[in-house]
Amino acid sequence: MTTNGMPKFPKSYWTESSSLHASFPVLEQNTEADVTVVGGGISGITTAYLLVQEGLKVVLLEAGSLLGGTTAHTTAKITSQHDLIYDELIRSEGEEKAALYYEANNEALHFIKQTIEKNKIECGFSIQDAYVYTNSNEYIKKLEKEMSAYSALGISGAYAEHIPLKIPAKAAVVMHGQAQFHPLQYLNALTQKFIDAGGTIYENTTAIDVEEGPLPEVITSKGHRIKCKHIVSCTHFPFYDGHGFYFARMHADRSYVLGIHVADELAEGMYLSAEDPKKSFRYAETAEHGKLLLVGGQSHKTGQGICTINHYEELQRYAEGHFQVKEIAYRWSAQDLVTGDKIPYIGRITSSSPNVYIASGYRKWGMTNGTAAALLIRDLITEKENAYEDLYAPSRSITLGTMKSLVVENANVAKHLIAGKLEMVHKRPEDLAPDEGSVVKLHGKRAGAYKDEAGKLFLVDTTCTHMGCEVEWNNGDRTWDCPCHGSRFAINGDVIEGPAEEPLKTLRM
């Protein structure tokens, strides 16, 4: 079903075109392992796969279904070109750290390529050049500075005045030898390799806490425990904070993707606009319809800004203005966490917790950063040297510029916390049309209401269970989103994404 030429409900091309594994059981008893990995996306699966190859007994936990989270909603660019990042990193962190960041992601790309070749994985992998382009005169100087950073760091690239894709562009920087693939087909193969090597997977098993000690334990929502030597949190937002205060050190962004069948011949390459609002392009090769154009962008802080369906509509308008659109077959959105210095947190959760590790804050570049995280955490657990340990360390010192950024972010949180409490609400649950959601007034208090197409009403308390901010209705994805720290909840209040661990309270008329 479509509305205004778009699918009425979100669906990811990667999920729709994958034949994934059979389901795995729920953990129903206490157990033991050498390593417990929590989170079934690219970081978790790759980490588990690597560790079981080292001869370790590994348990992988997933709160929902494996490969159902952020990894299923990416654009799946395997690239070290993370926007205009290298000139910025040289200025803020120094040339040595900028070079390490590139090298870590470049090694991740080559690991993916070698793993695909070694295991003969059919996942649409292809080598592509990656472009950051601009159609704005004010950004040309920034592209020139980025090209200078490429030269200083020895990155294989070039400055170009034209791009192959037929969209307006005045200049671009290109990074050669990057790649794209079908992420779920790749990770489904790694999952099978993990199982074949003796790994254990539990789905619909939510990890909610860690009891630290010489042999730490993961505690699930049902009260079961996994005793192990090492715990790895790959849950997008860390399910366990460990006094690291990660909710105050990252913010959540949402971005949007359309999967479009077009009549145009699509050029090779992957593309990203330098200016905001971002526009991202790549194609995916489909079995029945040839190249599917993926148009992404329209990033904003979770729970903040305009009605979310408008972001999809803006991508639709841009696509229809530059391509011969035949059908918008898919639409989906993704959530990404951004650290103050734009470098992910990968490693020991705090300096005083040597057996608990996290991988988070990929800033939309999870294919390489998530793989780099798995490689680094494997080396930490197996006590091998890794050149990137200090670069990614969650307990690293931060610059004055990063501190200022965090102050601004937390002031933004405070503003939304207060605004949500003071909002005047007049709409009532009975005012909703079918398939409409809104903040409403119920028994004199703020509440959240959604009426499905059959007329069934879902009522929730809009106070986020993480730190008490008021959630907002996301019309594009039919979710309740927190503007403070990015927690997301389903129409019935169930947690979709943390840092919240408890569902929204359900209410009655």
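**Close-up views of a predicted model**

**Figure 1. Glycine 259 faces leucine 294 across a strand pair.** In this predicted model, glycine 259 stands opposite leucine 294, a residue of strand 16. Strand 16 (residues 290-301) runs antiparallel to strand 13 (residues 250-262), and eight bridges connect the two. Strand 16 also pairs with strand 15 (residues 279-286), again in the antiparallel sense and over eight bridges.

**Figure 2. A hairpin joins strand 15 to strand 16.** The connection between these two strands consists of three residues. Lysine 291 in strand 16 has glutamate 285 as its opposite residue. Lysine 291 also lies over the face of tyrosine 283, at 4.3 Å from the centre of the ring.

**Figure 3. Arginine 249 is placed over an aromatic ring.** The ring belongs to tyrosine 345, and the charged end of arginine 249 sits 4.5 Å from its centre.

**Figure 4. Tyrosine 13 and tyrosine 330 form an aromatic pair.** Across the whole structure, a search finds 14 aromatic pairs. In the pair shown here, the ring centres of tyrosine 13 and tyrosine 330 are 5.3 Å apart and the ring planes meet at 70°; because an angle over 60 degrees counts as edge-to-face, the pair is assigned to that class. The pair links distant parts of the chain, 317 residues apart: tyrosine 13 belongs to helix 1 (residues 13-16), whereas tyrosine 330 belongs to strand 17 (residues 325-339). Buried means under 20% relative accessible area. Tyrosine 13 therefore counts as buried, at 7% relative accessibility, and tyrosine 330 is likewise buried, with a relative accessible area of 15%.

**Figure 5. Serine 333 makes a polar contact from strand 17.** Serine 333 is a residue of strand 17 and counts as buried, its relative accessibility being 7%. Its side chain is joined to that of aspartate 477 by a polar contact of 2.6 Å. When residues up to four places away in sequence are left out, serine 333 touches His73, Arg254, Ser255, Tyr256, Tyr312 and Asp477.

**Figure 6. A tyrosine cluster includes Tyr86.** Ring pairs link Tyr86 with Tyr101, Tyr102 and Tyr150 into a cluster. Tyr86 is also one of the buried residues of helix 3 (residues 86-93), together with Asp87, Leu89 and Glu93. Just after helix 3, the chain continues to glycine 94, which takes a positive phi of about 100°.

**Figure 7. Helix 2 is largely enclosed by the rest of the structure.** This description applies because 11 of the 12 residues of helix 2 (residues 42-53) are buried. The buried residues are Ile42, Ser43, Gly44, Ile45, Thr46, Thr47, Ala48, Tyr49, Leu50, Leu51 and Val52. They pack against three strands and three helices, namely strand 3 (31-38), strand 4 (58-61), strand 12 (225-233), helix 4 (95-119), helix 6 (183-196) and helix 8 (366-381). At 1.5 Å a residue, helix 2 should span 16 Å; the C-alpha atoms at its ends are 17 Å apart, which agrees. Just after helix 2, glycine 55 takes a positive phi of about 90°.

Technical notes
Residues numbered from 1 in each chain as written. Predicted model: local features only at pLDDT ≥ 70, side-chain atom pairs only at ≥ 80, totals over all residues. Heavy atoms only, no water. Phe/Tyr/Trp six-rings, centres within 6.5 Å; stacked < 30°, edge-to-face > 60°. Helix = DSSP H or I, 4+ residues; strand = E, 2+ residues; numbered from the N terminus. Buried < 20%, exposed > 50% of the residue type's maximum accessible area, 1.4 Å probe, protein only. Lys NZ or Arg CZ within 6 Å of the ring centre and 35° of its normal. Polar contact = N/O pair within 3.5 Å; in protein donor to acceptor, adjacent residues only side chain to side chain. Contact = heavy atoms within 4.5 Å. Pairing = 2+ DSSP bridges. Expected span 1.5 Å × (residues − 1).
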